[in-house]
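Here is a walk through one protein chain, best read with the viewer open. We start at a single residue and work outwards from there.

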Amino acid sequence: MATTKFRDTVSPYSKPRPSPPPEDYLHQKYLSDLTLKQDARLPVLKLALFGVGRAGTIHLSNIVANRRVKLVYIVDDIESKWASIKNYWHLDDVIFLSSKQADKVYNDPSIDAVVVASPTFTHEGIVRKALEAKKAVFCEKPIAEDDANSVKCYETARKVGRPLFCAFNRRFDPSYSSVKDRVRNGEIGHVHVIKTVARDSPLPTLDYIKTSGGIFHDCIVHDIDLITWILGEFPIKVAVQAHAHIPEIKAIGDYDTVVISLYFPSGTLGSIDISRNSAYGYDQRLEVFGPKGMITADNEQPLHCVTTQYGYAGPTTPPIWYSFPSRFANGYRRELDHFIDVVHGKVESIVQPKETLAVIKIATACLESARTSKVVEISLFCEWILGEDGGLYSAQSA
Ligand SMILES: NC(=O)c1ccc[n+]([C@@H]2O[C@H](COP(=O)([O-])OP(=O)(O)OC[C@H]3O[C@@H](n4cnc5c(N)ncnc54)[C@H](O)[C@@H]3O)[C@@H](O)[C@H]2O)c1
């Protein structure tokens, strides 16, 4: 009875219906599918996918589900899995090639773009050949194994006038991109501290780690990219402590546990706490602190609406996501859509060459600091110049 005085006298049918919040990105996608609204009909992009391993399988599943692309070729050297891939994904029309036969892709004028998800050491060669054949390129990070070769890839892209997109998937995660928007809207003021925790799960195989480029260029680049993208600023010095607890990782001269301090020109301090091996799932957290408040992105849980179960052993909650394919599933899907928009010239890539190159340089400085136990100063762009398209290119080739 006490609340009857608040009873609504107007039927909800007589009121405007509340709009879906912009944060409900799944409903936004559903609405576009439901209303069938589209710009002038754009051609379906014809694609080739290089590499169907851990990352390539994620991209394959998104490509198959995306109405704006058609997969024409898969290039992968493990021929024994071609038949199962074809059968599982119903890829009856897709042509399978080994890397030795990849010229067929480059020489096929109907191919608009290639997606590169092969091992890191193969990226540069595929990227440059594909660009020279006038294909747009979506490349898993990193574009190349070092900054000099990455610059060459971007130079080739500029020369041929085709997009080269470095797939920093975390930028497309709805939670992380919302943190970035809030920070950039000034909701917490000038950022004083930004932190990431990134603990991988499961421990990658030793075979993978050996060809990964090492923890700095394989894993930490994601955190460096996320932090510098949110801040819109690059650090000028880094101090790093790193250790290998796992003997097999120590034996190949890599690290499994790293803590990084970053110092930014505006006075912002950053920290990255990373491990190759988390026993409790894929631990990915972000915190940004400023004079007006703090924003955090915590771990996601698959069963996020089942919060707590109580028992004699105390309360328990569902686990966090096990690994990157599930935690960043939305990000991977959205980055492919972004790439398609970039190829159609609808939007500019949100991952700019100067940012990718800076990330590689910062990761290299972090590795040097880990090896020398010294603070390493970073002078980022002395040998690069700004191109007409806003990218940075090596001064020699300008
Ligand atoms: N963004 C992310 O979250 C993320 C996650 C994992 C891996 N990656 C990146 O993806 C790339 C692949 O890593 P992965 O873990 O999927 O490796 P993987 O070893 O699981 O798969 C690589 C696949 O490429 C195939 N391959 C080998 N040489 C090739 C060539 N020359 N041409 C075409 N295919 C070839 C292999 O047969 C294999 O199937 C790496 O560069 C890695 O840094 C990114």
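## Starting point: one glycine

Does G331 count as buried or exposed? This is a predicted model, and in it G331 has 22 C-beta neighbours inside 10 Å, so it counts as buried; the cut-off for that label is 20 or more.

As for its surroundings, G331 is found in helix α12, which covers residues 329-343. Setting aside neighbours within four places in sequence, its contacts are N169, R170, F172 and D173. A157 is another matter: 174 residues separate it from G331 along the chain, and the two C-alpha atoms are 24 Å apart.

## The whole chain

Stepping back, the protein chain has 13 helices and 17 strands. Its C-alpha atoms fill a box of roughly 80 × 55 × 50 Å along the principal axes. A compact globule with 398 residues would have a radius of gyration near 21 Å, and the 23 Å found for this chain agrees with that.

Of the 398 residues, 39% count as buried. Contacts reach a long way along the sequence too: take those between residues at least 6 apart, and 68% of them join residues at least 24 apart.

## The nonpolar core

In soluble globular proteins, nonpolar side chains tend to be buried together. Here the largest nonpolar core has 91 residues, and L49, V137, I220 and C366 are the ones with the most contacts inside it. Helix α9 gives this core its largest share, 11 residues.

What does L49 touch? Not counting residues up to four places away in sequence, the list is G56, H59, L60, I63, L71, I74, V115 and A117.

## Strands β1, β2 and β3

Strand β2 (residues 69-75) is a good place to look next. Five of its seven residues are buried, so β2 is largely enclosed by the rest of the structure. Strand β1 (residues 45-50) runs parallel to β2, joined to it by six bridges, and L47 has L71 as its bridge partner in β2. Between these two strands the chain passes through helix α2 (residues 54-65), in a β-α-β crossover that is right-handed.

Strand β3 (residues 95-97) pairs with β2 as well, in the parallel sense and over three bridges. In that pairing Y73 stands opposite I95. Helix α3 (residues 82-89) goes with β2 and β3 to make a right-handed β-α-β unit.

## Strands β5 and β6

Strand β6 (residues 164-167) is buried on both sides: L164 and C166 point one way, F165 and A167 point the other, and all are buried. Its parallel partner is β5 (residues 136-140), with four bridges in the pairing. Across it, C139 stands opposite C166. To get from β5 to β6 the chain crosses through helix α6 (residues 147-160), and this β-α-β crossover is right-handed.

## Strand β8, with two unlike faces

Which residues of β8 are covered, and which are uncovered? V238, V240 and A242 make up the covered face of this strand (residues 237-243), while K237, A239, Q241 and H243 make up the uncovered one.

β8 pairs in the antiparallel sense with two strands. With β9 (residues 257-263) there are seven bridges, and A239 stands opposite S261. With β15 (residues 376-377) there are two bridges, again antiparallel, and V238 has V376 as its bridge partner.

## Helix α7 and its buried face

Last stop: helix α7 (residues 174-184), whose buried residues are Y176, V179, K180 and V183. Seen down the axis of α7, these fall within an arc of 100°, so they line one face of the helix. The spacing behind this is general: an α-helix has 3.6 residues a turn, so residues three or four places apart point the same way.

What covers those buried residues? The cover includes α9 (214-231), β11 (283-290) and β12 (293-297). Just after α7, look for G186, which takes a positive phi of about 80°.

Conventions: Residues numbered from 1 in each chain as written. Predicted model: local features only at pLDDT ≥ 70, side-chain atom pairs only at ≥ 80, totals over all residues. Buried ≥ 20, exposed ≤ 12 C-beta atoms within 10 Å, placed from the backbone. Arc of directions from axis to C-beta. Contact = placed C-beta atoms within 7 Å. Core = buried A, V, L, I, M, F, W, Y, C linked by C-beta atoms within 7 Å. Pairing = 2+ DSSP bridges. Right-handed = clockwise from strand over helix to strand, strands pointing away. Rg over C-alpha atoms; globule rule 2.2 N^0.38 Å.
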